[in-house]
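Visitor: Please show me the model, and let me ask how each label is justified.

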Amino acid sequence: MSDHKEIQRMANQIAKAFGAYPEEQAIKETANHIKSFWDPRMRKQLAEIIARDKTALNPVALAAGRQLGLG
Amino acid sequence: MDTLIKEIDYGTPKSDSTRMVTLEIDGHQVTVPEGTSIMRAAMELGTKIPKLCATDSMKSFGSCRLCLVEIEGRKGTPASCTTPVAPGIKVKTQTDHLADLRRGVMELYISDHPLDCLTCAANGDCELQDMAGAVGLREVRYGYEGDNHVFARSNGSENFRYKPKDESNPYFTFDPAKCIVCSRCVRACEEVQGTFALTIDGRGFASHVSAGMDEDFLASECVSCGACVQACPTATLTEKSIIAKGQPDHSVVTTCAYCGVGCSFKAEMKGDEVVRMMPYKDGGANEGHSCVKGRFAWGYATHNDRMMKPMVRDKITDPWREVSWDEAIDFTARRFKEIQTRHGVGSVGAITSSRCTNEEVYVVQKMVRAAFHNNNVDTCARVCHSPTGYGLSKTFGTSAGTQDFKSVDKADVIMIIGANPTDGHPVFASRMKKRLREGARLIVVDPRRTDIVRSPHIEAEYHLPLQPGTNVAVVNALAHVVVTEGLVKRDYVAERCEPDDFARWEKFIADPKNSPEALEAITGVKAEDVRAAARLYATAGNGAIYYGLGVTEHSQGSTMVMGMANLAMATGNIGREGVGVNPLRGQNNVQGSCDMGSFPHEFTGYRHISDNTVRDLFEKVWSTALDPEPGLRIPNMFSAAIDGSFRGLFVQGEDIAQSDPNTKHVNSALESLECLVVQDLFLNETAAFAHVFLPGTSFLEKDGTFTNAERRINRVRPVMAPKQGMQEWEVVARIATAMGYPMSYSSGAEIMDEIAKVTPTFAGVSFEKLDRLGSVQWPCNDAAPEGTPTMHVGKFVRGKGRFMLTEFVATDERTNRSFPLILTTGRILSQYNVGAQTRRTANVAWHPEDVLEIHPHDAEVRGIREGSMVSLTSRIGAITLRAVIADRMPQGVVYTTFHHPVTGANVITTEYSDWATNCPEYKVTAVQVTPSNQPSDWRTEWEQRETEHKRVAIKPLVAAE
């Protein structure tokens, strides 16, 4: 199985882009973004990342994943 | 049958005055705006005053002395081109005295002009000949023995005044013997094009047109835009195609297939053969101007390399097998269905093209959503302007430039960010340069000293040569100055923008970490210059931002678009003429392909697929259930192909194997596909990996529309039947049908009617309306039946403008000791995108190969000389190319183009991409440059593929043949 490095990078990158927002809103925006623009199989890969290693994601990306029911 | 379209030449430009003046010409009253010339006023009445040096695309000059008139109560015979109208004056355009004077002038002209009219290329289109006829010239009393420019030898000896024909330019000739020194070419080069390559050298009888320093045209600064050729009233400057084929007999107005300016052209024809492309004066985008690509580089459309037969093969190592359309369509449909059966509905998808019409793109995305039953459709805008879509939607509410091109005429300060309009968007650049010569002020934000930073009669007040990858830091610093120095337009912001978002943004941007001084070390731009530029933009009147891929193709591309939108809102520079945030789109139909629902998350008109109301509408009109989940974007398709969940791809008119970054990654993705279908004119780089090749149509055969960077929907009219037998949309509709979703259209117009039905911003668009009005800019609907030149007037599309926080996050691509330089890629004037079109024209005269531009210091420390071969290495690959020493490059930054596949610029470009849209970060790749004396491995690999993967099987002869 692939280690989904790219998905990991993308999720972290989105979370960082909302870094200037208050955390709660940054999580919401990140989750919205992933839901709006990611193919379901990419979201599944994100779920796999969360299941395997929670430290692979920064806190906002991780929380966003959880908000989307991916972990 | 179409006739040859000839626009009326009023002789001098239109006056914009609102005060009207009434005068009398030859006993007829005429009322015209103040400032109109008598010549133009006469033409309004239909009276053609004889003229040679005047034409309405440039200011009057008054040199030919042919347009003389008499004015009651005034002395002498003033030139009607330089004499403005005055209330109540009585003008006579024809008297015996005037006729004598005009004949005398013509006689002098003709005494130094060859009399080879019958064999002259301008025969049938010569103003000099027309004027000789108009003034009734019957004899030339002076003879030809005297001093002249006509004959190589005079009176038995060499004629030092004679100059032979200059045929150096691949597209036109310059024959000084036929020149009447009217200066129209010189003025066209100055006033229309703004290059100043031509001048009149010498005095009196020695006066002559000189390109550069009396060089040949190709060696001079001439950019071959064709304005001088168009302006020439004689055969002095003539298209080689006219010399070869003669004058056209009919013409059709259509739209150029190159950049996002979307110029209107008259395709001038004989039979179904194009003999010349002439810019169309009534074209809204270009108003009669052109560049070297649209005007001259159309020969690719009939190039021998063009494929005319559908082809299939089982394996990409097999030779291609020519088949019938039916067989190719069945083969495609069967393969795609089999893949979906084995690997799931989401295992196939398509990429639409910005080089295809709105109608063709619409049909492809419909095939994906309705026949493939998924949303795996994306467009090549993914790799150029997708951040524009995201950024402008978030802040303003819709994904498009805010102005029409004409708006630049009212700009007081122009800020160009990450764009090189004189190369990438030359016809718009000419318009911009004209405004700059009139006094508009200029700020350029670009690592390179692009031509517009300093060119004849233009100089940027501030050039901010930032480090590649620090756009967001610079725009934050600019906004910081606006906010902290009290330059925010408070009234505007209070009325037009979301107050909470503004308050939060104001606090964020005012933080000292965003000050020019704090960011200087990161951006490399002097803080005082950033401050001065910000003050200029905020206070000099109408401020207009124009930007290109130097903004979008970054890991923070979308953030930067929002940063510019913030800056424009804070300074009140949105919602009227002369201002705005304007993307300069790369390809002709980037705007259109995005509008047409090519993104995996959006239907036409930028409406998300998860919106139930919108999806219901489409399900009803298309009579099928639609998937509410977003599909794969191009880079995601590549990753999914390598993962194995994506197996079939339809590529419409794009060459992803050459244009997309990290070529090896792209190639291995393409190799993983079970079925790759390429619809294109040529067997391009992508086709090397394809199983089905569907020959496409050139723009000369298409029946549809392109939408340019100013949202202008222009007609693309067929001037000949599809050479391979079928419109591209028909091929796609038949594939969809063969896959079980019946689709059929009888014309481009019918497809547009469906687009109008499902897209509120296109509701008022029809081919009938476009034929009637020439073009419209969307939104075009009941609220704006003739379109919308300026957007966000009064209020933003989203209601209130939204300020977004734009935190600067440095890219992960970093330089180090192994890769100390940064590579940025871009393009140049004579070539276009992957070069599939322009490489198949004489434009290679200007750019035969991709070169690496490098700063003299960086070259010297590496022992690199002008013209030496170098190896360019990044973390992911290496290529070789020739070096050019260029002091317009900043130290530490190198530049190349991606027009030639053999160079393979994208073999080395980074895999990083924009956080929001996955638009690749083409503009920042850490590299090393070293001298080299051998071709790269890439070149060897490419050459092998070029021969092995592009073979077409020769059909065996059967006995009956």
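The turns below take the interface and then one sheet.

Guide: This is a predicted model, in which local features need pLDDT of at least 70 and side-chain atom pairs pLDDT 80 or more, while totals for chains, interfaces and linings use all residues. Residues are numbered from 1 along each chain as written, chains are lettered from A and ligands numbered from 1 in written order, and side-chain values use heavy atoms, without hydrogens and water.

Visitor: What makes the E29(A) and R802(B) pair a salt bridge?

Guide: The term needs a side-chain nitrogen of Lys or Arg within 4 Å of a carboxyl oxygen of Asp or Glu. The closest N and O atoms of E29(A) and R802(B) are 3.3 Å apart, so the pair qualifies. The rule finds three salt bridges across the interface of chain A and chain B.

Visitor: What area is buried between chain A and chain B?

Guide: About 2400 Å², with 49% from carbon and sulfur atoms; buried area is the accessible area (1.4 Å probe) that two parts lose on being put together, summed over both. In chain A, Y21(A), F37(A) and R41(A) lose the most to chain B, together 25% of what that side buries.

Visitor: Why are strand 22 and strand 24 of chain B called edge strands?

Guide: Strands (DSSP E runs of at least two residues, numbered from the N terminus) pair if DSSP finds at least two bridges between them. The open, parallel sheet has the order 22-19-18-23-24 in chain B, and strand 22 (462–464) and strand 24 (580–583) each pair on one side only.

Visitor: How do you know that strand 19 and strand 22 of chain B pair?

Guide: Three bridges join strand 19 (residues 441–445) to strand 22 in chain B, so the requirement of at least two is met. One of the partnerships is V445(B) with L464(B).

Key:
Helices (H or I, at least four residues) and strands (E, at least two) are DSSP runs, numbered from the N terminus.
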